Amino acid sequence: PRWLVTGTAFVGRDDEAAILVDVAERHDLVTVTGPGGVGKSRLLAEVLPVLGDRVGLPVTVVELAAVAPGDVDAAVAAA
């Protein structure tokens, strides 16, 4: 997806990035939540390459913003 393109400096989120990598290494499914515009997608874009290298497996991102609450399971399974 286009949001994976990072062309600007990423500063001030080292703690959050480290926490996300740590949690994702220990769990098969991790959900990142928060209000719109706080940088969730950018944080993921920065962490995905590191995470993929650390776990040695493909990492899949499922955007759930447009998914109805009752359809989350199906959206994750389809991804």
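The following legends describe close-up views of a predicted model of one protein chain.

**Figure 1. Overall view of the predicted chain, with three helices and zero strands.**
Read from the start of the sequence, the elements follow the pattern α-α-α. The C-alpha atoms fill a box of roughly 35 × 30 × 20 Å along the principal axes. Of the 79 residues in the chain, 14% are buried. The accessible surface amounts to about 5,800 Å², and carbon and sulfur atoms account for 56% of that area. Among contacts between residues at least 6 apart in sequence, 60% join residues at least 24 apart.

**Figure 2. Confidence of the prediction along the chain, with a mean pLDDT of 85.**
A pLDDT of at least 70 is reached by 92% of the residues. Among the elements, H3 has the highest mean pLDDT, 93, and H2 has the lowest, 84. Where pLDDT is low, the predicted coordinates should not be read in detail.

**Figure 3. The largest nonpolar core, made up of eight residues.**
Its members are Ala17, Leu20, Val21, Ala24, Leu43, Leu44, Val47 and Leu51. Two elements, helix H1 (14-26) and helix H2 (40-55), each give two or more residues to this core. In soluble globular proteins, nonpolar side chains tend to be buried together. Leu20 is one of the core residues. With neighbours within four places in sequence left aside, Leu20 is in contact with Val30, Val32, Leu43, Leu44 and Val47. Leu43, Leu44 and Val47 from this contact list are also listed in the core.

**Figure 4. A nonpolar patch on the surface, formed by Leu29, Leu64 and Val76.**
Together these residues have about 240 Å² of accessible area. Leu64 is placed in the loop between H2 and helix H3 (72-78). The relative accessible area of Leu64 is 30%, so this residue counts as partly exposed.

**Figure 5. The salt bridge between glutamate 25 and arginine 54.**
The closest N and O atoms of this pair are 3.2 Å apart. The pair links distant parts of the chain, with glutamate 25 in helix H1 and arginine 54 in helix H2, 29 residues apart. Glutamate 25 is partly exposed, because its relative accessibility is 35%. Arginine 54 has a relative accessible area of 52% and is therefore exposed. The structure holds four salt bridges, of which this is one.

**Figure 6. The salt bridge between glutamate 46 and arginine 42 in helix H2.**
Here the closest N and O atoms are separated by 2.9 Å. Both residues lie in helix H2, four residues apart, which is about one turn of the helix. Glutamate 46 is partly exposed at 25% relative accessibility. Arginine 42 is partly exposed as well, with a relative accessible area of 22%. Side chains of opposite charge can pair when their charged atoms come close.

**Figure 7. The salt bridge between glutamate 16 and arginine 13.**
The side chains of these two residues meet with an N to O distance of 3.9 Å. Glutamate 16 has a relative accessible area of 35%, so it counts as partly exposed.

**Figure 8. Glycine 36 in the loop between H1 and H2.**
Glycine 36 has a relative accessibility of 71% and therefore counts as exposed, the cut-off being over 50%. Alanine 65 lies 29 residues from glycine 36 in sequence. In space, the C-alpha atoms of glycine 36 and alanine 65 are 9.8 Å apart.

**Figure 9. Alanine 79 in the segment after H3.**
Alanine 79 is exposed, with a relative accessible area of 52%. Not counting residues up to four places away in sequence, alanine 79 touches Thr60 and Val62. Threonine 33 is 46 residues from alanine 79 along the chain, and their C-alpha atoms are separated by 18 Å.

Definitions and conventions
Residues numbered from 1 in each chain as written. Predicted model: local features only at pLDDT ≥ 70, side-chain atom pairs only at ≥ 80, totals over all residues. Heavy atoms only, no water. Core = buried A, V, L, I, M, F, W, Y, C linked by side-chain atoms within 4.5 Å. Buried < 20%, exposed > 50% of the residue type's maximum accessible area, 1.4 Å probe, protein only. Contact = heavy atoms within 4.5 Å. Patch = residues over 30% accessible without salt bridge, like charges linked within 9 Å, V, L, I, M, F, W, Y side chains within 5 Å. Areas by Shrake-Rupley, 256 points an atom, 1.4 Å probe, with all protein chains shown as cover. pLDDT = per-residue confidence, 0-100.
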